[in-house]
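Visitor: Could you take me on a close look at one single part of this structure, the place where the ligand sits? I am new to this, so please explain the terms as you go.

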Amino acid sequence: MMIISPSLLSCDFAKMGEEITRMEDAGAQWMHYDVMDGHFVPNITVGAPVLKALTKKMRAVADVHLMISDPLFYAKDFAEAGADYITFHIEADSDPVKTINRIKELGCKVGLSIKPKTPAEAIFPYLKDIDLVLVMTVEPGFGGQSFMADMMSKVKAIYDEVRRIGRADIVIEVDGGINEINIVEAAAAGANAFVSGSTIFNAVDAKKIISLLKERAKEAYPKEEE
Ligand code: DX5
Ligand code: ZN
């Protein structure tokens, strides 16, 4: 199944709850929640208390992306706020093994993310212990940037590696600048979860764009693995 995870960073912040319902009704299975601390990235967004309020009536899977320096310390707050997946960056200050174990102990699925300059191989040692890999297709920090097509070789390398180690169940997610055109490249490279902020929230018809994204991803995804 191709997963669409609209990034709340692009929604109307004055109506976050309604925006989530609108996306769920439009067919989004996940909701992407970007957390930035003004230290790991040069921007500050929202934290655990806002997530807690939103997850109370959220049906979609809460896909939390921590762009923060100390995910080990803050993981508990997000788990208690209702996160389903907690994804942190390999480039953060926290020890990756300790952070992976902590997130699992808290009862959440765990994702590991890489920034554009980090090679795919950096996460290979951790793959057997995680549920999701998030390949950034923009420099993290802001919505509305352009998709970096040269990240697709990393997606393909991860797709091949998870199969080599018998972990084809690991979700491969891409994040940044995804639209109805480049989703074809991302899915063809092996991504099966797609974060999309500005494309979905700027669309006149959210249902139409989400259906189109799913359809194009499904068509382009490597056939033998369907
Ligand atoms: C960037 C965030 C993304 C971003 C996606 O740092 O992690 O989730 O908001 O938004 P678009 O699709 O507009 O690039
Ligand atoms: Zn994100």
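Guide: Here is a walk around ligand 1, from its neighbours out to its pocket. This is a predicted model, in which local features need pLDDT of at least 70 and side-chain atom pairs count only at pLDDT 80 or more, while totals for chains, interfaces and linings use all residues. Residues are numbered from 1 along each chain as its sequence is written, chains are lettered from A and ligands numbered from 1 in the order in which they are written, and side-chain values use heavy atoms, with hydrogens and water left out.

Let's start with the neighbours. Around ligand 1 there are 20 residues, each with a heavy atom within 4 Å of it. Asp34, Gly141, Asp175, Gly197 and Ser198 come nearest.

Now for the polar contacts (pairs of N or O atoms within 3.5 Å). The side chain of Asp34 has an N or O atom 2.7 Å from an oxygen atom of ligand 1. Gly197 takes part through its backbone, with an N or O atom 2.8 Å from a ligand oxygen. For Ser198, a polar side-chain atom lies 2.5 Å from an oxygen atom of ligand 1. Taken alone, ligand 1 exposes 380 Å², and the protein buries 100% of that (areas by the Shrake-Rupley method with a 1.4 Å probe).

Which strand gives the most to the shell around ligand 1? That is strand 2, with three residues; strands here are DSSP runs of E, at least two residues long. Strand 2 (30-36), strand 3 (61-67) and strand 8 (193-196) are the elements that give two or more residues.

Finally, the setting: ligand 1 sits in the largest pocket, meaning that more than half of its atoms lie within 2 Å of the pocket's grid points. A pocket is an open set of points on a 1 Å grid over the protein atoms alone, with protein on both sides within 12 Å along at least five of seven lines; lining residues have an atom within 4 Å of a point. The lining has 24 residues, and Gly143, Gly144, Asp175, Gly176 and Gly177 lie nearest the pocket's centre.

Notes: A polar contact is a pair of N or O atoms within 3.5 Å; within protein, one must be able to donate a hydrogen and the other to accept it, and residues adjacent in sequence count only if both atoms are side-chain atoms. On a 1 Å grid over the protein atoms alone, a cavity is a set of points where a 1.4 Å probe fits but cannot get out, and a pocket is an open set with protein on both sides within 12 Å along at least five of seven lines; lining residues have an atom within 4 Å of a point. Helices (H or I, at least four residues) and strands (E, at least two) are DSSP runs, numbered from the N terminus.
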